[in-house]
Amino acid sequence: MPTQKSRKRRATSDINTLLEVLEEGQEPFAEGREPVNNGEITQKNVDHIAEAMAADWKKLATKLPLRVGLAKCSTAITQIEGKNKGDLKQQCVDMLTEWVTSAENATKPHLCECLREIGKKKTATEIEKMD
């Protein structure tokens with residue numbers, strides 16, 4: 001059974017190895033293994049959702065919940081629609097961007113939960129797999 005001293009040596013060795021790998025500019029993760037996502041929503045996620053479900057962006061907006069400034073969801077939707085008339089994809093991007101920058105619960109897990117609630121399970125799964 002490893003002693004506390006041997007575990008400490010192992011941890012120090014692991015940290016030193018990781019630092020060396022990073023200093024050399026190498027990828028610190030083994031091939032086929034991805035880093036743990038910290039739950040942040042990336043621009044890649046936003047673009048994917050806008051592409052996949054532009055026509056349904058208002059359904060998602062009501063689940064998130066969305067606010068623009070002090071305006072509640074319905075007013076925020078109207079403001080976003082007026083800003084990019086006829087461009088559903090851009091409206092979706094604007095809505096998600098507004099949510100990400102203003103909501104306390106703007107995380108990838110919460111977003112995927114909301115997507116599932118409106119029947120967009122495939123899109124939620126795709127987003128979870130993205131880094």
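Start with the outside: the protein chain exposes about 9,000 Å², and carbon and sulfur atoms supply 51% of that area. Keep in mind that you're looking at a predicted model. Its pLDDT, the predictor's confidence in each residue, averages 75 over the protein chain, and 65% of the residues score at least 70. One stretch to treat with care is residues 27-37, where pLDDT stays under 50. For that stretch, the model has 10 contacts beyond four places in sequence.

Now trace the chain from one end to the other. You'll pass 7 helices and 0 strands, so the pattern along the sequence reads α-α-α-α-α-α-α. Of the 131 residues in the protein chain, 31% are buried. And if you take the contacts with a separation of 6 or more, 60% of them involve residues 24 or more positions apart.

What sits in the middle of all this? The largest nonpolar core has 26 residues. Ile49, Leu60, Leu64, Met95, Leu96, Leu111 and Leu115 are the ones with the most contacts inside this core. Helices H2 (43-53), H3 (57-63), H4 (73-83), H5 (88-102), H6 (108-117) and H7 (121-129) each give two or more residues to the core. Which helix gives the most? That's H5, with 5 residues.

Let's zoom in on one core residue, Leu115. Skip its neighbours within four places in sequence, and Leu115 is still in contact with Ile49, Met53, Leu60, Lys120, Lys121, Thr123, Ala124 and Ile127. Leu115 is also one of the buried residues of H6, along with Lys108, His110, Leu111, Cys112 and Cys114. What covers these buried residues of H6? The cover includes H2, H3, H5 and H7. Just after H6 comes Gly119, whose phi is positive, near 85°.

Next, take a look at H4, which makes a nice lesson in how a helix can have sides. Cys73, Ala76, Ile77 and Ile80 are its buried residues. Those four cover an arc of only 100° around the axis, which puts them on the same side of H4. Here's the general idea behind that spacing: an α-helix has 3.6 residues a turn, so residues three or four places apart point the same way. On the face of H4 turned away from the buried side, you'll find the exposed residues Ser74 and Thr78. And the buried residues of H4 pack against H3 and H5.

Pick out Ile80 for a closer look. Ile80 belongs to helix H4. Is Ile80 buried or exposed? Its relative accessibility is 7%, and the cut-off for buried is under 20%, so Ile80 counts as buried. Along the chain, Ile80 and Cys92 are 12 residues apart, and their C-alpha atoms are separated by 8.6 Å.

Finally, let's turn to the charged side chains. A search of the whole structure finds 6 salt bridges, and three of these pairs are worth following. In one of them, the side chains of Glu51 and Lys89 meet, with N to O at 2.7 Å. Glu51 is in helix H2 and Lys89 in helix H5, so this pair links distant parts of the chain, 38 residues apart. Glu51 is exposed, with a relative accessible area of 56%, whereas Lys89, at 39%, counts as partly exposed.

Another salt bridge joins Lys58 and Glu81, with the closest N and O atoms 2.5 Å apart. Because Lys58 lies in helix H3 and Glu81 in helix H4, the pair ties together parts that are 23 residues apart in sequence. Both ends are partly exposed: Lys58 has a relative accessible area of 36%, and Glu81 has one of 27%.

The last pair on this tour is Arg116 and Glu128, whose closest N and O atoms are 2.9 Å apart in their salt bridge. Here the link runs between helix H6, home of Arg116, and helix H7, home of Glu128, with the two residues 12 apart. Arg116 counts as partly exposed at 31% relative accessibility, and Glu128 counts as partly exposed at 41%.

Technical notes: Residues are numbered from 1 along each chain as its sequence is written. This is a predicted model: local features need pLDDT of at least 70, side-chain atom pairs count only at pLDDT 80 or more; totals for chains, interfaces and linings use all residues. Side-chain values use heavy atoms; hydrogens and water are left out. A nonpolar core is a set of buried Ala, Val, Leu, Ile, Met, Phe, Trp, Tyr and Cys residues joined through side-chain atoms within 4.5 Å. Buried means under 20% relative accessible area, exposed over 50%, partly exposed in between (1.4 Å probe, protein chains only). Contact means heavy atoms within 4.5 Å. A salt bridge is a side-chain nitrogen of Lys or Arg within 4 Å of a carboxyl oxygen of Asp or Glu. The arc is that of the directions from the helix axis to the C-beta atoms. pLDDT is the predictor's confidence in each residue, from 0 to 100. Accessible areas come from the Shrake-Rupley method with a 1.4 Å probe; for residues, only the protein chains shown count as cover.
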